[in-house]
Amino acid sequence: ASGRQERTVVSGVPYSADVHRVEFTIDRDGSCAAGLCDAFTFQTRTGIREYDVGGTPLALALSPDRARLAMIVHDRALDAPIVRFFDPATRTQTGDLPLPIDARPGRISWGEGGTRLFVSDHGRSAAWSVDVAAGDALTEIVLPWPTLDVAHLDGEDRDRLFVLAADGTTV
C-alpha cells in the first residue's frame, strides 16, 4: 500500500490498507490543538522503492548494459515532456537531454549496442538520434511529419529506424 489510502483510520476499529498488506488498530483517540492533529507516518518493507524524478514518468527504456535508464518525464517545473536519464546503480538522476524547446518527446528506443538512443518527437517533424558514446550528442532526423514512436533495428548488414507517424497510420 503505497501513498495515501482511500479509507480513513478510526480509533478502536481495525484498519486494513486497500490491498490488505498493512493492518493495525489505534487504541486511543487522537488529539487536535490549534488546528494541528496527530498524524502517523510509517514505512513498510515491501521491496518497492519510489524515486522523485521531477514529474510524471511517461516512458522508460533501460540501456542494453543496464547501466542507464532513459525516461520521458512530464516535468513539473517546465510543464512539458523531457528526456531524463537515471542511474539504476546509484538511484540518482544523471541529467536531461538538451532537446529544442519546441520538441515533444513521445517514445524512446535504445540501439542494440547501447551506444545510441532514439527519441520520437510529436512536436516537430523529426526524430532524434542520441550518440551516448559521444556525450549525448544530438542528431535531428528530419521527417515529413511528427512521430509517435520509434524502434531501432541494427545488425550485421542493416541499420534501420522505424517510426510511427503522429497520425498513427504510417510506419
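The legends below walk through several views of this predicted model.

**View 1. The whole chain is built from strands, with zero helices and 14 strands in its secondary structure.** Reading along the sequence, you meet the pattern β-β-β-β-β-β-β-β-β-β-β-β-β-β. Of the 171 residues in the chain, 33% are buried. The accessible surface comes to about 11400 Å², and carbon and sulfur atoms hold 50% of that area. If you like contact maps, take the contacts between residues at least 6 apart in sequence: 27% of them join residues at least 24 apart.

**View 2. Tyr 51 and Phe 86 form an aromatic pair.** The count for the model comes to one aromatic pair. Its ring centres are 5.7 Å apart and the planes meet at 55 degrees, which makes the pair tilted. Tyr 51 sits in the loop between β4 (36-37) and β5 (55-62), while Phe 86 belongs to strand β7 (residues 80-87), so the pair ties together parts that are 35 residues apart in sequence. The two partners can also be described by their accessibility. Tyr 51 is partly exposed, with 36% relative accessibility. Phe 86 has 9% and is buried, because the cut-off for buried is under 20%.

**View 3. Strands β5 and β6 form a hairpin.** The two strands run antiparallel, and seven bridges join β5 to β6 (residues 69-75). Here is a handy pair to find on screen: Leu 60 stands opposite Met 71 in β6. Six residues lie between the strands, and in the turn Arg 66 has a positive phi of about 65 degrees.

**View 4. Arg 68 places its charged end over the ring of Phe 85.** The distance from that charged end to the ring centre is 3.8 Å. Both of these residues are also in contact with Asp 136. Look for Asp 136 in the loop between β11 (126-131) and β12 (137-142). At 18% relative accessibility, Asp 136 counts as buried, because the cut-off is under 20%. Beyond its neighbours within four places in sequence, the contacts of Asp 136 also include Leu 97, Val 130 and Asp 131.

**View 5. The largest nonpolar core has 16 residues.** In soluble globular proteins, nonpolar side chains tend to be buried together. The residues with the most contacts inside this core are Val 83, Leu 97, Ile 108, Leu 117 and Val 119. Two or more core residues come from each of β5, β6, β7, β9 (105-110), β10 (116-121) and β11. Centre your viewer on Val 119 and, leaving out residues up to four places away in sequence, you will find that it touches Val 83, Leu 97, Pro 105, Arg 107, Ile 108, Ala 127, Trp 128, Val 130 and Val 150.

**View 6. Pro 105 is a buried residue, at 3% relative accessibility.** Pro 105 lies in strand β9. Apart from residues up to four places away in sequence, Pro 105 touches Ile 72, Pro 81, Ile 82, Val 83, Leu 99, Val 119, Ser 120, Asp 121 and His 122. Val 119 and Val 83, among the residues with the most contacts inside the largest nonpolar core, are thus also found in this list. For a distance to check yourself, try Pro 105 and Thr 147: their C-alpha atoms are separated by 8.8 Å, although the residues are 42 apart along the chain.

How values were computed
Residues are numbered from 1 along each chain as its sequence is written. This is a predicted model: local features need pLDDT of at least 70, side-chain atom pairs count only at pLDDT 80 or more; totals for chains, interfaces and linings use all residues. Side-chain values use heavy atoms; hydrogens and water are left out. Rings of Phe, Tyr and Trp (its six-membered ring) pair if their centres lie within 6.5 Å; planes under 30 degrees apart count as stacked, over 60 as edge-to-face and the rest as tilted. Helices (H or I, at least four residues) and strands (E, at least two) are DSSP runs, numbered from the N terminus. Buried means under 20% relative accessible area, exposed over 50%, partly exposed in between (1.4 Å probe, protein chains only). A charge sits over a ring if NZ of Lys or CZ of Arg is within 6 Å of the ring centre and within 35 degrees of the ring normal. Contact means heavy atoms within 4.5 Å. Accessible areas come from the Shrake-Rupley method with a 1.4 Å probe; for residues, only the protein chains shown count as cover. Two strands pair if DSSP finds at least two bridges between them. A nonpolar core is a set of buried Ala, Val, Leu, Ile, Met, Phe, Trp, Tyr and Cys residues joined through side-chain atoms within 4.5 Å.
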